[in-house]
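Welcome! Please take a moment to look over the sequence and the model, and then we will walk through a few parts together.

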Amino acid sequence: MKNFKRITSFILMCIIAVTIAGTAMASVNNTSRTGTGTVTDTVTGTENNTAGSETNGNAKGGEIASFNNYGMNGNYAALGEYEVAYGSNLSEVTSKLPSTLTATLTTGEEVEVPVTWVCVSDNAGGTAYLPEHEDVTVAYTFEAKLGEGYTLANNLPGDYVMPYATVRYTENAQQLNSNVVESGIDTVTEAAAGGMSGWTWIIWIVVIVIVIVVLWWLFAGSKGKDGDNN
């Protein structure tokens, strides 16, 4: 009867230990899935942002003969170079760029032309802005798009380059990107190990220790009783 009770207690403790371990692993796996979902939602939301933000001001409209201090003698240079934090979404980037450009119409009138900005190149083979580009040294080219009612005059060269701005990540982007890469390596390593995190391994070790202790207690206690009976 005593042996039967010991065996029953041992079985119950094993069931409890396995249940605890299973619950812990399920919790870890659910946490991993939740984290992945958060990243996916963030990236998808960023990609769906409309390029450029709408500008304020009343658009008069007209034909633009030239932009002030731009394209002199056919020489085109960026209107400015801007820095953004690594991971900034598209709306944060375009908010740093000018909302209007000073231009002269074919009538000779000087006006503030409302513009929006569209990324046309990352100068690395891509044509879209990425909040977290794998190459943190990229220099994005954002091209100005004229507001409603404004057009370029017909007398401008056929290869005329629209006003553009250069956008780069801040200097500390390299360190941030390095952390992201290391985090990715850790994730791959964890996946290769069967998706078991450090906490999961600790839980399993504790369970195994408990089982060993219970076995020792049962069988050592049983032998002790038998010795006393002898």
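What follows is a short tour of some paired strands, the charged side chains and one aspartate. Keep in mind along the way that this is a predicted model.

Let us begin with the strands. Strand 3, residues 100–105, runs antiparallel to strand 4, residues 110–121, and 5 bridges join the two. To find your place in this pairing, look for Leu101, which stands opposite Val113 in strand 4. Strands 3 and 4 form a hairpin with 4 residues between them, and there Gly108 takes a positive phi near 95°.

Strand 4 has a further partner to look at. It pairs with strand 5, residues 139–146, again in the antiparallel sense, over 6 bridges. Here a good landmark is Trp117, which you will find opposite Ala144 in strand 5.

Now for the charges. Side chains of opposite charge can pair when their charged atoms come close. How many salt bridges does a search of the whole structure find? The search finds 2. One of them is between the side chains of Glu81 and Arg168, with 3.7 Å from N to O. This pair links distant parts of the chain: Glu81 belongs to strand 2 (residues 81–84) and Arg168 to strand 7 (residues 164–169), 87 residues apart. Glu81 has a relative accessible area of 58%, so it counts as exposed, while Arg168, at 34%, is partly exposed.

Another salt bridge brings together the side chains of Lys145 and Glu143, at 3.2 Å from N to O. Lys145 has a relative accessibility of 35% and therefore counts as partly exposed.

Finally, turn to Asp122, in the loop between strand 4 and strand 5. Is Asp122 buried or exposed? Asp122 is buried, yet it has no salt bridge. The nearest side chain of opposite charge is that of Arg168, 11 Å away. You have already met Arg168 as the salt-bridge partner of Glu81.

What, then, does the side chain of Asp122 meet? One of its polar atoms lies 2.7 Å from the backbone nitrogen of Gly126. The side chain of Asp122 also makes a polar contact of 3.1 Å with the side chain of His133. Leaving aside neighbours within four places in sequence, Asp122 is in contact with Ala128, His133, Val138, Ala139 and Tyr140. His133 thus appears in this list of contacts as well as in the polar contact with Asp122.

Technical notes
Residues numbered from 1 in each chain as written. Predicted model: local features only at pLDDT ≥ 70, side-chain atom pairs only at ≥ 80, totals over all residues. Heavy atoms only, no water. Pairing = 2+ DSSP bridges. Salt bridge = Lys/Arg side-chain N within 4 Å of Asp/Glu carboxyl O. Buried < 20%, exposed > 50% of the residue type's maximum accessible area, 1.4 Å probe, protein only. Lys, Arg positive; Asp, Glu negative; His and termini not counted. Polar contact = N/O pair within 3.5 Å; in protein donor to acceptor, adjacent residues only side chain to side chain. Contact = heavy atoms within 4.5 Å.
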